[in-house]
Amino acid sequence: MDFISLCFILSSLIFSFFLINYLLKFSSFGHVKLPLPPGTMGWPYIGETFQLYSQNPNTFFASKVKKYGSIFKTHILGCRCVMISSPEAAKLVLVSKAHLFKPTFPASKERMLGKQAIFFHQGDYHTKLRKLVLRAFMPEAIKNIVSEVESLAVGSLESWEGKLITTFQEMKTYAFNVALLSILGKDEVLYREDLKRCYYNLEKGYNSMPINLPGTLFHKAMKARKELAQILAKILSLRRETKQNYNDLLGSFMGDAEGLTDEQIADNMIGVIFAARDTTASVLTWILKYLAENPSVLQAVTEEQEAIIKDKEKCGEEKSLNWADTKKMPITTRVIQETLRVASILSFTFREAVEDVEFNGYLIPKGWKVLPLFRNIHHSPDNFTEPEKFDPSRFEVAPKPNTFMPFGNGTHSCPGNELAKLEILVLVHHITTKYRWSMMGPQNGIQYGPFALPQNGLPIRLSLRT
Ligand code: HEM
């Protein structure tokens, strides 16, 4: 081979190398192949799981946001993730491009709660379920259960009187009873204890290793789930015999013309209890903590609630609360909003990209998990001044769009938010007007299980107001 041929071959090779490199930079659509968001992926398989769980998860998120900005990549629990903490990005994932990001949960959780439950779905089946769930939880429907919710609140408070209680545990029972009331109406008392026993066994195995062998917590939880479904099937067949119309969630499911199967109904009833109980109980626990720590706010709430009682007496109205009364509680409502913001009990949610998605000049590859970080949005000084301060008066002015999402946003946002607010208002009305509580033990720690909670579930002693 002469020198000229050699030079020709070499220059062809060099040219081909640069050409391939150049082509690799372009996707099949002729666009420049976008870079992944900044960030680190940690060790193979383990990724950065240890860094996340060895400290307060919010410290992990905050340090990443500081280093890389509002969108960054990481690798947690074997999943490649993109975390986002800007209001615009959260809106894109949850609302405007929601069809590109599907809900995602570990398979063991789906098995335990029931594969047909609303949170695991997208598309027509999800739309249909959502319509039925919203029908049972919209203001028009829950207006009629205010006095029953009130009886549950009063009963709970009376049973705690003079005792040292773990606030979260007791609030879980209250929230469970309200959830059952909204699902089964007045029938709930008949099945309350059996359903509670099964649900508590299910809960014990929820965060356990998914090993379905006799003796394991997971196995016991799966057994409890089966029993729950059997009780619900019994209720279903009794209702079919009586042929009455019911305004509760089960009535809404059974009244669907296209018909849901018994399995779909059971999965969604269990799913709603799951979505309704610990969330509402955590918020109530934080409210008691913040009120105890902020005496002037407690005073303002108490005065607002006492004014409602006095007004009702003046007008000769019945003592029990009604829906209109709950609309005359602006200060208490702001306390709930501020608690939802500061406590941000759901620090984030999960989605999965169903195809490659371009966002802000970055590529979010198909199959990657995407986590909108609610807590970071709620705690950013760009969105809320002095974000760590508990100051309900900040909600006298509406927050900037997409900066306040305690109930999520878009197609999967919380259909139970009106019921949650109602049961919180009713309990706060009775606790502030009749009782006082003191916190026992250290008050500064936060535990995540998975919802953010005051340390040890906030032990308190409740006594009648003098
Ligand atoms: C203060 C209490 C509550 C909070 C903070 C809360 C928060 C949320 C959030 C953030 C989501 C959206 C999750 C996501 O996008 O991935 C959600 C969904 C949901 N919530 Fe709530 N929730 C509360 C109470 C309730 C109650 C009382 C019920 C029912 C009675 C309920 C039923 C549901 C259901 C069924 C979904 C799934 C909706 C769907 O996938 O379309 N929640 N909740």
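## A walk around helix α11

Let's start with helix α11, residues 217–242: its 26 residues reach 38 Å from the first C-alpha to the last, close to the 38 Å expected at 1.5 Å a residue. Keep in mind that this is a predicted model. Look along α11 and you'll find a series of buried residues: Phe218, Ala221, Met222, Ala224, Arg225, Leu228, Ile231, Leu232, Ile235, Leu236 and Arg239. Two arginines, Arg225 and Arg239, are on that buried list. What covers these residues? The cover includes α5 (107–113), α9 (167–184), α10 (188–206), α12 (249–254) and α13 (262–293). Step just past the end of α11 and you meet Lys243, which takes a positive phi of about 55°.

Now for the salt bridges, of which the whole structure has 24. One of them involves α11 itself: Asp262 pairs with Arg240, with the closest N and O atoms 2.8 Å apart. Asp262 belongs to helix α13 and Arg240 to helix α11, so this bridge ties together parts that are 22 residues apart in sequence. Both ends have some access to the surface: Asp262 has a relative accessible area of 35% and is therefore partly exposed, and Arg240, at 40%, counts as partly exposed too.

Two of the helices that help cover α11, namely α9 and α10, have a bridge of their own. The side chains of Glu203 and Lys172 meet at 2.9 Å, N to O. This pair links distant parts of the chain, with Glu203 in helix α10 and Lys172 in helix α9, 31 residues apart. Is each partner buried or exposed? Lys172 is buried, because its relative accessible area is just 7%, under the 20% cut-off. Glu203, at 24%, counts as partly exposed.

Further along the chain, Asp325 bridges to Lys312, and here the closest N and O atoms are 2.5 Å apart. Asp325 sits in helix α15 (residues 323–326) and Lys312 in helix α14 (residues 295–314), so to speak two distant parts of the chain linked across 13 residues. Both Asp325 and Lys312 are buried. Going back to Lys172 and Glu203, salt bridges with shared partners join them with Arg277 and Asp278 into one network.

Aromatic rings make contacts too, and the count comes to 14 aromatic pairs. Take Phe105 and Phe120: they're edge-to-face, 4.9 Å centre to centre, with 85° between the planes. Phe105 lies in the loop between β3 (101–103) and α5, while Phe120 lies in the loop between α5 and α6 (123–137), so the pair ties together parts that are 15 residues apart in sequence. Phe120 counts as buried at 10% relative accessibility, whereas Phe105, at 32%, is partly exposed. These two rings also belong to one aromatic cluster with Phe119, Tyr206 and Phe274.

Another pair, Phe384 and Phe395, is tilted: 6.3 Å centre to centre, 40° between the planes. Both residues lie in the loop between α17 (374–378) and α18 (417–434), so the pair ties together parts that are eleven residues apart in sequence. Phe384 is buried at 6% relative accessibility, and Phe395 is buried at 9%.

Finish on the outside. Trp43, Tyr45 and Ile46 make a nonpolar surface patch of about 440 Å². Trp43 is in the loop between α1 (3–24) and α2 (49–53), and counts as exposed because its relative accessibility is 62%.

Note on methods. Residues numbered from 1 in each chain as written. Predicted model: local features only at pLDDT ≥ 70, side-chain atom pairs only at ≥ 80, totals over all residues. Heavy atoms only, no water. Patch = residues over 30% accessible without salt bridge, like charges linked within 9 Å, V, L, I, M, F, W, Y side chains within 5 Å. Areas by Shrake-Rupley, 256 points an atom, 1.4 Å probe, with all protein chains shown as cover. Salt bridge = Lys/Arg side-chain N within 4 Å of Asp/Glu carboxyl O. Helix = DSSP H or I, 4+ residues; strand = E, 2+ residues; numbered from the N terminus. Buried < 20%, exposed > 50% of the residue type's maximum accessible area, 1.4 Å probe, protein only. Expected span 1.5 Å × (residues − 1). Contact = heavy atoms within 4.5 Å. Phe/Tyr/Trp six-rings, centres within 6.5 Å; stacked < 30°, edge-to-face > 60°.
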